[in-house]
Amino acid sequence: MRPTIQAHGFQLSQALRTHTELRVATALGWASEHMRQLDISLSDINGPRGGVDKRCRIHVLLGGGREVIIEDVEADLYVAINRAADRAGRTIVRQIQRRRDFSHQRPAPVELSELSHGPEANAAGSIR
């Protein structure tokens with residue numbers, strides 16, 4: 001899945017776009033079948049004043065309407081992208097495991113023959 005990448009407060013260079021796409025593909029590529037939408041927002045909060053103000057926000061829409069939103073703020077935008085991608089990957093793993101665990105916890109369907117004869121009946125229908 002190709003992410004939508006937006007830059008706010010600066011011009012998105014090709015090198016930064018390539019790094020973001022590669023880093024997110026490495027961290028989230030395995031989960032592409034579970035993702036419906038992937039949006040990445042990069043921003044420079046303080047503008048030219050500097051400081052710890054480079055933000056990477058990753059928004060993933062998973063199947064079933066579930067969302068994962070990860071945000072990381074660092075002095076270096078490349079570090080923020082790397083950390084946010086790693087955190088998003090770990091969070092999506094947990095979301096998928098929870099969904100699988102929940103689906104495995106459902107009770108097994110009860111056969112109609114079990115309801116009519118109860119647990120005391122054997123396969124022939126006689127009571128033990």
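How many salt bridges does the count come to? The count comes to nine, in a model that is predicted. Let's walk through some of them together, and then look at a patch on the surface.

A short reminder helps before we start. Side chains of opposite charge can pair when their charged atoms come close.

Begin near the start of the chain, with Arg2 and Glu21. These two form a salt bridge, and their closest N and O atoms are 3.3 Å apart. Glu21 belongs to helix H1, which covers residues 14-28, while Arg2 sits in the segment before strand E1 (4-8), so the pair ties together parts that are 19 residues apart in sequence. If you look for Arg2 in the structure, you will find that this residue counts as exposed, because its relative accessibility is 64%.

Now move on to two strands. Here Lys54 and Asp44 form a salt bridge, with 3.8 Å between the closest N and O atoms. Lys54 is part of strand E3 and Asp44 is part of strand E2, so this pair ties together parts that are ten residues apart in sequence. Are these partners buried or exposed? Lys54 has a relative accessible area of 19%, so this lysine is buried. Asp44 counts as buried as well, because its relative accessibility is 15%.

The next stop joins a strand to a helix. The side chains of Asp72 and Arg87 meet in a salt bridge, at 3.4 Å from N to O. Asp72 lies in strand E4 (residues 67-74) and Arg87 in helix H2 (residues 77-104), so parts that are 15 residues apart in sequence are tied together by the pair. With a relative accessibility of 5%, Asp72 counts as buried, whereas Arg87, at 29%, counts as partly exposed. This pair also has company: Asp72 and Arg87 are linked with Glu74 and Arg83 in a network of salt bridges.

Finally, let's leave the charged side chains and turn to the surface. Which residues make a nonpolar surface patch of about 250 Å²? The patch is made by Ile45, Val52 and Val73. To find Val52, follow the chain along strand E2 (35-44) and stop in the loop before strand E3 (54-62). Those are the strands that hold Asp44 and Lys54, the pair we met earlier. Why does Val52 count as exposed? Its relative accessibility is 59%, and exposed means over 50%.

Terms used: Residues numbered from 1 in each chain as written. Predicted model: local features only at pLDDT ≥ 70, side-chain atom pairs only at ≥ 80, totals over all residues. Heavy atoms only, no water. Patch = residues over 30% accessible without salt bridge, like charges linked within 9 Å, V, L, I, M, F, W, Y side chains within 5 Å. Areas by Shrake-Rupley, 256 points an atom, 1.4 Å probe, with all protein chains shown as cover. Salt bridge = Lys/Arg side-chain N within 4 Å of Asp/Glu carboxyl O. Helix = DSSP H or I, 4+ residues; strand = E, 2+ residues; numbered from the N terminus. Buried < 20%, exposed > 50% of the residue type's maximum accessible area, 1.4 Å probe, protein only.
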